[in-house]
Amino acid sequence: MAQIYIETHGCQMNEADSQDIQLRAISAGFTLAQRPEDASVLVLNTCTVRDNAERRAYGRIAHWKAVKDADPSVKVIVTGCLAEQDKDRMQKLVPHVDGVFGTRELGALGDALAAWRAEYPDDQFSVDREIETVMGGEGVGIAGPYDFLRAYVNVQRGCSYYCTFCIVPHVRGRFDHRPMREILDEIRLKTAAGAREITLVGQTVNAYKEPATGADFADLIQEVCAIDSVERVSFISSHPKDLNEKLARVCATLPKMNPRFHLALQSGSNPMLRKMNRKYTIEQFLERIGTFKVHNPSWAMTTDLIVGFPGETEEDFQQTIDVCATGIFAQAYMFVYSPRRGTPAAVWHAANAIPHDVAQDRFVRLKAVEDAAVRAYHERKVGTIVRALIHGVSRKDRTRLSGKTIDNVTVNFPLVETEPDTSRPWADVRVESASVWGVRGTCVGRAASYEGAADRVAPPVFDLLAV
Ligand code: SF4
C-alpha cells in the first residue's frame, strides 16, 4: 500500500502548501488516502498561530502513534509552522515522528517521498491518472469531488512586519516573494487541471513585490486576471499599511476579482494598535477603506479582531466595538488573545494578563455586535438569486449542498443530484433565509462558468413519505 494521508490545519497558506505536497506525493507514486489508518505516510501540516492550534497539532501527532504502533512501516511527517518552531525539540517531544519539514523544505519532502515510495508495495498506480484525480478527474482518494474547483497559490512566504503578538515572522522568516512568472505558471497549471477560482495567499499578500522587477500586488493581479483560463480571483490576507489607491483603482478595472477584501484591523484602539506594532491608526484604516470603497462600492470588507490583548482597557475595547457597530465588516474572525512563545506580547501577558473571564466577556460582547452586522449583510440577499461556486455536501446537513458566493457568503440548498455535477459547478440559488453563518435557499439553475447562462434546475420533490 502506498497511500498518503495529508491533514491540514490553519490558514490558506497551509492549504496551498498541502496542495503542493499532494502533487509531489502523487508524482512520487503515492495515492491519496481519506483516513490515516489507510495510509503508509501521514503528513500533518500544522499551525501555531494560537496556543490551542499548537496543542491540537501535538494531540493529533500523539493520536497517530497508534497507527504507527500497529504498523511500524508507517511514517509520520510534520510540516508547517510547528515544524519550523519546534524542529529542534520535536524528536524529543514526539519520538515516533519520522520527519520534520519546514515551510521552505517542501522540495526536500518531495525527494524523501520519492525515496520512501520504494518501501511500499506497488499498487498499480498511474501517475498521470492520479494527477488528474487530485485536480478533479474521476476517482478515489480526494476529500471531495468539488475540491479541485478552488486552488490556493502562495505568492510569498514569511512576513517582515513583526506585530508583537504574532509568531509568523519568527517561524516563517521575513518576506520572501515568489517570482511572478513562477506564480503565473502555477496558476496556468491549476486552471488547466480544472480550477475555477484562484486564491492568492500570503501572510501580507498585498505587500507582494516581484523580486526582479519590483512589480507590486496590483501589477500581479492584473497579470493573473489576464490569463484566459482564470475565471475568478480572490486574495487573502491583506495588511492595511499596503492598501493604496493604485490597488483600489486596479481592483475596480478587473471584473474577475471576487468582491471581498479581507483587511485585518485587530483593534479599534490606537494605543492597542501601537502596542501591537500594526503601523496604522484607526483613522488611517478607515480612510483607506473609504478610498477603496469609492472605487469599489460593492466590495465586502472582512477582518480579524483580537480582544484581551495585554493592557487592553475597557475603553480600548469599546473602540473596537464602536468600529464593528458601524456595520462596516461583512464578516470578522474574532479571537481572544493567545500568547505565543518568543513574542513581546507574551512577555507583557506573563507580567500583566487580562483576566480570562474579562477577555471572555469582551469576546462575547464583540461577537454579539459583529454577528448583528454579519446577519444584516446576509439578510440583504434574501429574495435575490445569488450565484455560488459549489464546495460539496454540507458538513452539518448531508441532504444539502454548500457553496460560496463571490463575496464569500456560505449558501446552502437542498441536494437534488445523485452524482456530483462538477461540469456545472456554479449554482444559482434563490435566497429564502439568512443567519449569521450564511444563507439558505433553493437552487434554480446551474452554470458551467461564472459568466455563463444557467440551465434551469427542477425544484426538489417534497417526499410525503419521509415526513
Ligand atoms: S502582518 Fe500579519 S503575519 Fe505579519 S507579523 Fe503582523 S499579524 Fe503576523
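In the predicted model, Q266 is found in the loop between β11 and α12, the latter spanning residues 270-275. Although Q266 is not a glycine, its phi is positive, at about 80 degrees, and this sets Q266 against the general pattern, which is stated next. Most residues other than glycine have a negative phi, and most peptide bonds are trans. Q266 is buried, because 24 other C-beta atoms lie within 10 Å and the threshold for a buried residue is 20 or more. A positive phi, here of about 70 degrees, is also assigned to N408, again a residue that is not a glycine. The place of N408 is in the loop between β15 (400-405) and β16 (410-414), and N408 is partly exposed, with 17 other C-beta atoms within 10 Å.

A further backbone feature concerns the peptide bond that joins I236 and S237, which is cis, with omega about 5 degrees. S237 is located in the loop that follows β10 (232-236) and precedes α11 (245-252).

Strand β11, after which the loop of Q266 begins, belongs to an open sheet of three strands, arranged in the order β11-β12-β13 with parallel pairing. The edges of this sheet are formed by β11 (260-262) and β13 (331-336), each of which pairs on one side only, and the twist from one strand to the next averages 15 degrees. Between β12, which covers residues 300-307, and β13, the parallel pairing extends over six bridges; within this pairing, I306 has F335 of β13 as its bridge partner.

At the level of the whole protein, the division is into domain 1 (3-134), domain 2 (147-379) and domain 3 (385-466), and a distance of 33 Å separates the C-alpha centres of domain 1 and domain 3. A second open sheet consists of five strands in the order β2-β1-β3-β4-β5, and here too the pairing is parallel. Its edge strands are β2 (31-32) and β5 (99-101), each pairing on one side only. Strand β1, residues 3-8, runs parallel to β2 and is joined to β2 by two bridges, with I4 standing opposite L32 of β2. Helix α2, residues 51-63, packs on this sheet and touches β1, β3 (41-46) and β4 (75-80), while the direction of α2 makes about 170 degrees with that of β3. Helix α6, residues 106-117, lies across β3, β4 and β5 and runs at about 150 degrees to β5.

The surroundings of the ligand comprise C159, Y161, Y162, C163, C166, V168, P169, Q203, T204 and H239. Classified by residue type, this shell contains seven nonpolar and three polar residues, and no charged residues.

Finally, S449 is placed in the loop between β18 (438-447) and β19 (454-456). S449 counts as exposed, since the number of its C-beta neighbours inside 10 Å is 12 and a residue with 12 or fewer falls in that class. When neighbours within four places in sequence are left aside, S449 is in contact with E231 and W426. The C-alpha atom of S449 is also separated by 8.9 Å from that of S423, a residue 26 residues apart from S449 along the chain.

Terms used:
Residues are numbered from 1 along each chain as its sequence is written. This is a predicted model: local features need pLDDT of at least 70, side-chain atom pairs count only at pLDDT 80 or more; totals for chains, interfaces and linings use all residues. Two strands pair if DSSP finds at least two bridges between them. Helices (H or I, at least four residues) and strands (E, at least two) are DSSP runs, numbered from the N terminus. Axes are lines fitted to C-alpha atoms, for helices over the stretch in contact, and angles run from 0 to 180 degrees between N-to-C directions. A residue is near a molecule or strand if its C-beta atom, placed from the backbone, lies within 6 Å of it. Ala, Val, Leu, Ile, Met, Phe, Trp, Tyr, Cys and Pro count as nonpolar, Asp, Glu, Lys and Arg as charged, and the others, Gly among them, as polar. Domain bounds come from an automatic or database domain assignment. Two residues are in contact if their C-beta atoms, placed from the backbone, lie within 7 Å.
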